[in-house]
Amino acid sequence: MADQTNHNQAGEVAPSTVDKQAPSVAEEHAPSTDSPEATDLPTANAPEPKAANPEDNPNPAKPAAAPPKREKPAAAAAKAAIGEKPAAATEEKPAAAAKAAKKEKAPAVEDKPFVEFIEQDYLPALQKAIAQKGVQDLQVAFAKQKVPITGFESAEECWQIIGSWSEIGLRQFNLYFPEEDIQGKKGFSCNEGKKPSTLESFLIDERRITLDLLVFGLVQRLDGQKWLGRN
C-alpha cells in the first residue's frame with residue numbers, strides 16, 4: 001500500500017502555475033464593460049459626412065455677412081474740412097431731390113407786392129401790347145389820386161393807371177384799384193377830351209387775375225371803344 005501510494009503520488013502531475021494564473025491574467029487584459037466602445041452608429045457630437053465635406057454638400061451653410069464699415073469720426077471731420085462729403089451724405093434719393101427742386105420754384109409775378117407788380121411787370125407789358133396795336137405816342141402813369149368822375153369827389157384816393165395819347169384827338173383811360181390788390185375790385189373809365197361820367201366794373205367774372213389776363217382785358221376794352229388799330 002505504501003508503494004502504491006507513493007507511485008500514485010509520484011505519477012500525478014502537479015498543477016501548472018500557468019493554469020492558475022490564466023484566469024487572472026485574462027481578466028486583467030480583457031476590455032472593461034464600463035468604458036464606451038466605438039461603434040458605427042452616428043452620435044450627436046459627430047459631424048454628418050456631407051456637412052463635413054463642402055464639395056459633397058450642395059447647400060453648405062453661408063458665412064454671416066460682415067457688418068458695413070463705418071467711417072471714423074476723425075476721417076469724416078477731415079473730409080468735411082476739405083469740402084468732401086461723407087459717403088453716406090453723397091447718396092441723395094431722386095424723390096427727395098425732385099421735391100426740393102419743386103420747393104425752390106420761383107413765385108409767380110402775380111404774388112409780388114401790388115405796387116411792385118404794377119411798376120415792374122404790368123406797365124411794361126401793357127405799353128408793349130398797345131404799341132403792337134398801332135398806338136405810337138402812348139403815355140402811361142401810375143399814381144394814387146382821387147377818382148376823376150362826377151359824384152366821387154368825397155371818395156378816398158386810390159391807385160390808378162392813367163393812359164393817354166393824342167394821335168386822333170385826346171384819348172384817356174383810367175384803370176382803378178381801390179383795394180390795392182389785382183385780385184380785388186377793379187374799375188375802368190375813358191373819355192375823349194371831357195371829364196368821364198361813368199365808372200365801369202372791370203374783369204369781375206374772372207376767378208383769378210394773371211398778368212396776361214390783365215393786359216388782354218384792358219386791350220380788349222380799348223379795342224371795343226374803337227381806339228386801337230384803324231379805328
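## Exercises on a predicted fold

In this predicted model, strand β2 (residues 158-165) pairs with β3 in the antiparallel sense, over seven bridges. Let us start from that pair and work outwards.

### Exercise 1: Follow the sheet from β3

Task: find which residues stand opposite Trp165, Gly163 and Gln172, and then work out the order of the strands in the sheet.

Solution.

Step 1. Begin on the β2 side. Trp165 stands opposite Arg171 in β3. Moving along the pair, Gly163 has Phe173 of β3 as its bridge partner.

Step 2. Now turn to the other neighbour of β3. Strand β4 (residues 187-191) runs antiparallel to β3, and five bridges join the two. Here Gln172 faces Asn191 of β4.

Step 3. Put the pairs together. The sheet is open and has five strands in the order β1-β2-β3-β4-β5, with antiparallel pairing. Its edge strands are β1 (139-145) and β5 (200-201), each of which pairs on one side only.

Step 4. Look at what lies on the sheet. Helix α7 packs there and touches β1, β2 and β3, and its direction makes about 150° with that of β1.

### Exercise 2: Buried or exposed?

Task: decide how many residues of β3 are buried, and set this beside the share of buried residues in the protein chain.

Solution.

Step 1. Strand β3 spans residues 171-177, and six of its seven residues are buried, so the strand is mostly covered under a cut-off of 20% relative accessible area.

Step 2. For the protein chain of 231 residues, the buried share is 22%.

### Exercise 3: Describe a helix pair

Task: state the angle and the axis distance for α7 and α8, then classify the pair and list its contact residues.

Solution.

Step 1. Recall the two quantities to report: packed helices are described by the angle between their axes and the distance between the axes.

Step 2. Helix α7 (residues 114-131) packs against helix α8 (residues 211-224) at an angle of about 40°, and their axes are 10 Å apart. That angle makes α7 oblique to α8, and the crossing of the two is right-handed.

Step 3. Name the residues that make the contact. From α7 come Phe117, Asp121, Tyr122, Ala125, Leu126, Ala129 and Ile130. Helix α8 brings Leu211, Leu214, Val215, Leu218, Val219 and Leu222.

Step 4. Sort these residues by character: 12 are nonpolar, none is polar and one is charged.

### Exercise 4: Find the positive phi values

Task: say where Leu203 and Lys226 lie, and give the phi of Leu203 and of Lys226.

Solution.

Step 1. Keep the background in mind: most residues other than glycine have a negative phi.

Step 2. Leu203 sits in the loop between β5 and α8, and its phi is near 50°, a positive value.

Step 3. Lys226 belongs to the segment after α8, with a positive phi near 65°. Lys226 is exposed, because its relative accessible area is 56% and the exposed class begins over 50%.

### Exercise 5: Zoom out

Task: how many helices and strands does the protein chain have, and what pattern do they follow along the sequence?

Solution.

Step 1. The count is eight helices and five strands.

Step 2. Along the sequence, the pattern reads α-α-α-α-α-α-α-β-β-β-β-β-α.

Step 3. Finish with the contacts. Of those in the protein chain with a separation of 6 or more, 46% are between residues 24 or more positions apart.

Technical notes. Residues are numbered from 1 along each chain as its sequence is written. This is a predicted model: local features need pLDDT of at least 70, side-chain atom pairs count only at pLDDT 80 or more; totals for chains, interfaces and linings use all residues. Side-chain values use heavy atoms; hydrogens and water are left out. Buried means under 20% relative accessible area, exposed over 50%, partly exposed in between (1.4 Å probe, protein chains only). Helices (H or I, at least four residues) and strands (E, at least two) are DSSP runs, numbered from the N terminus. Two strands pair if DSSP finds at least two bridges between them. Axes are lines fitted to C-alpha atoms, for helices over the stretch in contact, and angles run from 0 to 180 degrees between N-to-C directions. Angles under 35 degrees count as roughly parallel, over 145 as roughly antiparallel, 65 to 115 as roughly perpendicular and the rest as oblique. A crossing is left-handed if the near helix is turned anticlockwise from the far one by less than a right angle, and right-handed if clockwise. Contact means heavy atoms within 4.5 Å. Ala, Val, Leu, Ile, Met, Phe, Trp, Tyr, Cys and Pro count as nonpolar, Asp, Glu, Lys and Arg as charged, and the others, Gly among them, as polar.
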